[in-house]
Amino acid sequence: MRLPDGTPILRLYAERRRRYLEQLDPAAAQAQELQQLIAHARRTRFGRDHHFEKIKTVIDYQRRVPLRRYEDFLAEYWRLPFPLLTDVTWPGRIPFFALSSGTTAGATKAIPVSRAMVRANRHAALDILVWHLASRPHGRPLAGKTLILGGSTALTRLAKGVHSGDLSGIAAKTIPFWARPYTLPKTELALLADWDDKLERIAETVIHEPIRVLSGTPSWLLLLFERVLALRGGKGPAFPELELLIHGGVAFAPYADRFADYLRATGAATREVYAASEGFIAVADRGPGEGLRLLPDNGIFFEFVPVEELSAPRPTRHWLGNLEIGIPYAVILSSNAGLWSDVIGDTVRFIDRYPPRLLVTGRLSYMMSAFGEHLIGEEIEGAVVEAAQNLKIQVIDFSMGAEFPSGPGTRGRHIYIIESGVPSAAPDARQALAGRFSAHIDLALKERNADYREHRRNDIQLDVPRVILVDPGTFANWLRTRGRLGGQNKVPRVINDQALLADLKRHVSAVQGN
């Protein structure tokens, strides 16, 4: 029995919300958001320490509250009372902690999630549908079900009324009653920790469901499409009623061609979101690649520090009132979960001010400067995508790192391990293709980055990149060996940890028999 179509009610809300957002002054909304956050947290330990009662303007706030990282909050405020954070950096008791490591390399963090943050995340999720209906007025996203492909929804009880787990688990526990019938997977499947078993059972279930909206990380969504198509005997489309695919977590460009093949039959739209464990930051209000619209009225005050100034004693702290276009910024946020001028580790670049639209350019850790070349994630992603397009190769996933000189007369170089959509059985053909891939990446990076170009001049300081092409499933198997398969775990694009890079290279060597 099909559920009633909830789209007509959603459409009324979406039209009103869209009109409001189009008239909103983003900078004024952010100034008001900051004052509301300060007012709520004035009597917390953090608010007393920083004299919140005296803060009247954004400048006042920036003078009194320095930039901090997660480790600073942990050492100064959270570690001793954890897990009972009551009136510490946010009023009341924090009921949830989102466990986040981001990639296979990161140490797990426990990010506070308040009830106010839960409500803000729901509000942001509705904004996704607001902009979907703005671009497709006759869409019917609630005429069927929404499948959210996240991690395990199992939560660990830390204390009475306090739980930790994946952000997807927190979302599942707090989903409003009206949305439950429209949302998959059901609890018994969502709780599964074994990713392979979970994916297979979800695939077996959803072929019988009217899936209208699909959400998740691109690499894992592709695996789901493959499983569903296999169950359908290779006859598509995988999701006949699909009209919207929501993606985030990693850059979409390397996966775009493969998704285009899967979505062509239904004409489903794709919409990118920028959601972190620290808060929901932006959603796409226009087409792919046209930037994500910052959410200025949703429980977060944003600051942006030029990446090159982040380690300075007094870095320049921009906000929506004075940000600039085209500058690589580190994202800083203060939230309704008790983060205050927190350096979350992401980097962005704004392409519009009114309304504020940004491109996610990577992570602070996703920079490669082992030899002084100063490559950022956006440049690396772009070079790989351009090379793949020139060679007409589909890239499933990739990682890159640095190989240092092995002795006198040798030079350092970058190594790219690239998983392509089509296996190449002949070693000679694979090696030849890897050589062409290397040349294209090298040329694309020279065009994008002057420092890289100088380091590569005449092959004196930096050698040509080394490319290793691997078969489909290589990265998934590597993640499995590290206990990081599925959910919100991602393949690290840039690996600066030499031990982690060595582990990946050993895995590849073992698989390829080298």
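**Aromatic pairs, a covered strand and internal cavities**

Phe225 and Phe259 are both buried, a term that denotes a relative accessible area under 20%, with exposed meaning over 50% and partly exposed in between (1.4 Å probe, protein chains only). The model is predicted, and local features are reported at pLDDT of at least 70 and side-chain atom pairs at 80 or more, whereas totals for chains, interfaces and linings use all residues. Residues are numbered from 1 along each chain as its sequence is written, and side-chain values rest on heavy atoms, without hydrogens and water.

The ring centres of Phe225 and Phe259 are 5.9 Å apart and the planes stand at 85 degrees, so this pair is edge-to-face. Rings of Phe, Tyr and Trp (its six-membered ring) are paired when their centres lie within 6.5 Å; planes under 30 degrees apart are stacked, those over 60 edge-to-face and the rest tilted. Phe225 belongs to helix H10 (residues 218–231) and Phe259 to helix H11 (residues 256–263), so that the pair links distant parts of the chain, 34 residues apart. Helices (H or I, at least four residues) and strands (E, at least two) are DSSP runs numbered from the N terminus.

In total, the structure holds 21 aromatic pairs. In one of them, Phe46 and Tyr77, the centres are separated by 5.2 Å and the planes by 50 degrees, so the pair is tilted. Phe46 is part of helix H3 (residues 45–49) and Tyr77 of helix H5, so this contact ties together parts 31 residues apart in sequence. Both Phe46 and Tyr77 are buried. These two residues also belong to one aromatic cluster, whose members include Phe73, Trp78, Phe301 and Trp340. Over the ring of Phe73 sits the charged end of Arg68, 5.9 Å from the ring centre; the criterion is NZ of Lys or CZ of Arg within 6 Å of the centre and within 35 degrees of the ring normal. The charged end of Arg493 is likewise placed over the ring of Phe398, at 4.5 Å from its centre.

Phe301 lies in strand E12 (residues 300–306), where seven of seven residues are buried. On one side the buried residues are Ile300, Phe302, Phe304 and Pro306, and on the other Phe301, Glu303 and Val305. Strand E12 runs antiparallel to strand E13 (residues 329–335), joined to it by seven bridges; pairing requires at least two DSSP bridges. Within this arrangement, Glu303 is opposite Ile332.

Two cavities of 30 Å³ or more were found. A cavity is a set of points, on a 1 Å grid over the protein atoms alone, where a 1.4 Å probe fits but cannot get out, and lining residues have an atom within 4 Å of a point. Points are joined across faces, edges and corners, and volume is the space filled by probe spheres set on them. The largest cavity holds about 60 Å³, and Asp25, Leu320, Arg353 and Tyr354 are among its lining residues. The second largest holds about 40 Å³, and strand E14 (342–352) supplies the largest share of its lining, three residues.

Two cis peptide bonds may be described. One joins Leu184 and Pro185, with omega about 0 degrees; the other runs from Tyr354 to Pro355, with omega near -10 degrees. Pro355 is placed in the loop between E14 and strand E15 (357–363).

Terms used:
1 Å grid on protein atoms, 1.4 Å probe; cavity = no way out; pocket = protein on both sides within 12 Å on 5 of 7 lines; lining within 4 Å.
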